[in-house]
Amino acid sequence: MTDNISRETIENEAIDPDFLDKVVEAGADRLRTCIQCGTCSSVCPSGRRTAFRTRELIRKALLGLKDEVLSSPDLWLCATCLTCLERCPRQIKVTDAIIIMRNMAVKEGYMLPQHRKASQKLLETGHAVPIDDANRAIRKDMGLSEEPPTTHSSKKALNDVQKIMERTGFKKLIEDVKEKS
C-alpha cells in the first residue's frame with residue numbers, strides 16, 4: 001500500500017528560532033500551550049468558505065516558520081470573529097496571534113493588495129470603504145444628508161483621525177511598506 005500523504009522536509013534555514021518568542025512577547029502569551037487539537041479550524045467561519053486552516057497557520061508559527069507564515073495569503077483570511085478563542089480548550093487568543101503576525105507581515109512588506117488599498121483609503125478619507133455616489137443617492141432618497149456624520153462630512157474629524165493614524169505609526173507603516181511578491 002502506498003502512502004499518498006505529502007511529506008515536506010523543513011530545512012533548518014527556514015526556521016527562525018526567535019519568531020515564536022516575538023509573537024508571544026507581542027501579546028500571544030498562551031500560544032505555546034496549543035495542543036493542535038484542531039478546534040480553531042473546525043469552528044472557523046472563514047475556513048468553511050476558503051482554504052484557511054487556523055491550526056495549520058498556528059503550527060507553522062510554533063515551528064518558527066516565520067517567512068512561510070508572514071508571506072502566506074492565509075494570514076489575511078481570518079475574519080477576527082473570536083470564535084476560535086471562545087472554543088479553544090486552552091483559551092489561546094488565536095485572533096490576537098494572527099493580528100500580531102499580520103502586523104509583523106506588514107512591517108516585513110507582506111500585505112495583500114486589497115488590504116493595502118483599504119489602508120490607503122483609510123488614510124485618505126478616514127474610511128476603509130468610503131461612501132460612493134450610489135450610497136449618496138440612496139441616503140438622499142431616504143431623506144438623509146448625502147454625507148454621513150463621519151469623517152466624510154467633517155474635515156475636523158478627518159484631521160483628528162489622520163493625526164491618530166500618524167501618532168500610532170499606522171500612516172508611516174502603510175506609506176513605508178515595500179511590497180514583496
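**Burial, loops and overall form of an all-helix model**

Colleague: Does Gln36 count as buried or exposed?
Modeller: The model is a predicted one, and in it Gln36 has a relative accessibility of 17%. Because buried means under 20% relative accessible area, the class that fits Gln36 at 17% is buried.

Colleague: In which loop does Gln36 lie, and what phi does Gln36 take?
Modeller: Gln36 belongs to the loop between H1 and H2. Although Gln36 is not a glycine, its phi is positive, at about 55°.

Colleague: Cys37 is in the loop between helix H1 and helix H2 too, so how is Cys37 classed by its relative accessible area, buried or partly exposed?
Modeller: The loop that holds Cys37 runs between helix H1 (19–25) and helix H2 (39–43). The relative accessible area of Cys37 is 45%, and since partly exposed covers values between 20% and 50%, Cys37 is partly exposed.

Colleague: Which residues does Cys37 touch, once residues up to four places away in sequence are not counted, and what separates its C-alpha atom from that of Cys88?
Modeller: With those sequence neighbours set aside, Cys37 touches Arg55 and Pro89. Cys88 is 51 residues from Cys37 along the chain, and the separation of their C-alpha atoms is 8.8 Å.

Colleague: Where is Leu82 placed, and what is its phi?
Modeller: Leu82 is found in the loop between helix H5 (66–70) and helix H6 (83–87), and its relative accessibility of 35% makes it partly exposed. Like the phi of Gln36, the phi of Leu82 is positive although the residue is not a glycine, with a value of about 70°.

Colleague: Which residues is Thr95 in contact with, leaving aside its neighbours within four places in sequence?
Modeller: Thr95 sits in helix H7 (residues 94–107), and its relative accessible area of 2% makes it buried. Apart from those near neighbours in sequence, the contacts of Thr95 are with Thr80, Leu82 and Cys84.

Colleague: How does Ala118 in helix H8 count by relative accessibility, buried or partly exposed, and how far is its C-alpha atom from that of Ser154?
Modeller: Ala118 has its place in helix H8 (residues 113–125), where a relative accessibility of 24% makes it partly exposed. Ser154 is 36 residues away along the chain, and the two C-alpha atoms are separated by 20 Å.

Colleague: What span should helix H10 have, and what separates its end C-alpha atoms?
Modeller: Helix H10 takes in residues 155–167, and its 13 residues at 1.5 Å a residue should span 18 Å. Just after H10, Gly169 adopts a positive phi of about 90°. The end C-alpha atoms of H10 agree with the expected span, being apart by 18 Å.

Colleague: How many helices and strands does the protein chain have, and what is its radius of gyration?
Modeller: The protein chain has eleven helices and zero strands, and its C-alpha atoms fill a box of roughly 70 × 35 × 30 Å along the principal axes. A compact globule of 181 residues would have a radius of gyration near 16 Å, whereas the protein chain has 20 Å.

Colleague: What share of the residues is buried, and what share of the contacts with a separation of 6 or more joins residues 24 or more positions apart?
Modeller: Of the 181 residues in the protein chain, 34% are buried. Among contacts with a separation of 6 or more, the share from residues 24 or more positions apart is 64%.

Definitions and conventions. Residues numbered from 1 in each chain as written. Predicted model: local features only at pLDDT ≥ 70, side-chain atom pairs only at ≥ 80, totals over all residues. Heavy atoms only, no water. Helix = DSSP H or I, 4+ residues; strand = E, 2+ residues; numbered from the N terminus. Rg over C-alpha atoms; globule rule 2.2 N^0.38 Å. Buried < 20%, exposed > 50% of the residue type's maximum accessible area, 1.4 Å probe, protein only. Contact = heavy atoms within 4.5 Å. Expected span 1.5 Å × (residues − 1).
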